[in-house]
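Hi,

Here is the structure I said I would pass on to you. Have a look first, and then read on for what turned up in it.

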Amino acid sequence: MSKNIDYGTLMHKAMRTLIFDVLKDVEKNGLPGEHHFFITFDTTVEGVEISEWLRQRYPEEMTIVIQHWFDGLDVKKDGFSITLNFGDQPEPLVIPFLSILTFVDPSVEFGLRFEQNEDDELPQVSDMDQTTVKEKESSKKKGDVVSLDSFRK
């Protein structure tokens, strides 16, 4: 048994599971009401698949909007794929959950941010429901606090 409870890891796992659940519902039922999402992700994470021109334009991170037009949302245990429109050009994207930096639904003033340091490595997850995610925490960092104040009007 470990000597400490790793609240940071447990919180990040719960937050990623929440994103999985929300996107799985949208995959099945579509976006309800005025809901829409801004998702920022790290384009350098293994498993991210974007076209070469998008990778050149967004070499480190990219923010997508899931709102009016999207196609082919396919949510899996480790990430999702979706086709979005960039300048009247449909582009398929594959986004692992571990690459997500922020998830915001401004219609209800809800947001999540995954804190990471430059020396942190993103772990690989094979099954979000059965595998405990081991995330490195900085020696300076004792825990994570999620504040929704910055997303409120």
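Thr 102 sits opposite Arg 113 of strand 7. Keep in mind as you read that this is a predicted model. Thr 102 is also the bridge partner, in strand 6, of Thr 40. The pairing of strand 6 with strand 7 is antiparallel and runs over four bridges. Strand 1 and strand 6 are antiparallel too, with four bridges joining them; in that pairing, Phe 41 has Ile 100 as its bridge partner in strand 6. Strand 6 is mostly covered, with six of its six residues buried.

Put those pairings together and you get an open sheet of four strands in the order 2-1-6-7, paired antiparallel. Which strands stand at the edges? They are strand 2 and strand 7; each has a single partner strand, so one side of each has no neighbour in the sheet. On average, and ignoring direction, neighbouring strands here are turned by 10 degrees against each other. Helix 1 packs on this sheet and touches strand 1, strand 2, strand 6 and strand 7. The direction of helix 1 makes about 130 degrees with that of strand 7.

Now for the turn. Strand 6 and strand 7 form a hairpin with four residues between them. Glu 109, in that turn, has a positive phi of about 55 degrees although it is not a glycine. Glu 109 is partly exposed, at a relative accessible area of 28%.

Another residue with a positive phi is Asp 88, at about 65 degrees, and it is not a glycine either. You will find Asp 88 in the loop between strand 4 and strand 5. Is Asp 88 buried or exposed? Its relative accessibility is 73%, so Asp 88 counts as exposed.

Next, the core. The largest nonpolar core has 28 residues, and Ile 64, Phe 80 and Leu 93 have the most contacts inside it. The elements giving two or more residues to this core are helix 1 (7–29), strand 1, strand 2 (61–66), strand 3 (71–76), strand 4 (79–85), strand 5 (90–96) and strand 6 (100–105). Helix 1 gives the most, with five residues. If you want one residue to start from, try Leu 93: leaving aside its neighbours within four places in sequence, its contacts include Ile 64, Phe 80, Ile 82 and Leu 84, as well as Glu 49, Ile 50 and Leu 54.

Two loop residues are also worth a look. His 36 is in the loop between helix 1 and strand 1. With a relative accessibility of 13%, which is under the 20% cut-off, His 36 counts as buried. A polar atom of the His 36 side chain lies 2.9 Å from the backbone oxygen of Glu 34. Apart from neighbours within four places in sequence, His 36 is in contact with Leu 31, Ile 66, Gln 67, Val 104, Asp 105, Pro 106 and Ser 107.

Ser 51 is in the loop between strand 1 (37–42) and helix 2 (52–57). What is the relative accessible area of Ser 51? It is 17%, so Ser 51 is buried. The Ser 51 side chain makes a polar contact with the side chain of Trp 53, at 3.2 Å.

Happy browsing!

Methods. Residues are numbered from 1 along each chain as its sequence is written. This is a predicted model: local features need pLDDT of at least 70, side-chain atom pairs count only at pLDDT 80 or more; totals for chains, interfaces and linings use all residues. Side-chain values use heavy atoms; hydrogens and water are left out. Buried means under 20% relative accessible area, exposed over 50%, partly exposed in between (1.4 Å probe, protein chains only). A polar contact is a pair of N or O atoms within 3.5 Å; within protein, one must be able to donate a hydrogen and the other to accept it, and residues adjacent in sequence count only if both atoms are side-chain atoms. A nonpolar core is a set of buried Ala, Val, Leu, Ile, Met, Phe, Trp, Tyr and Cys residues joined through side-chain atoms within 4.5 Å. Contact means heavy atoms within 4.5 Å. Two strands pair if DSSP finds at least two bridges between them. Axes are lines fitted to C-alpha atoms, for helices over the stretch in contact, and angles run from 0 to 180 degrees between N-to-C directions.
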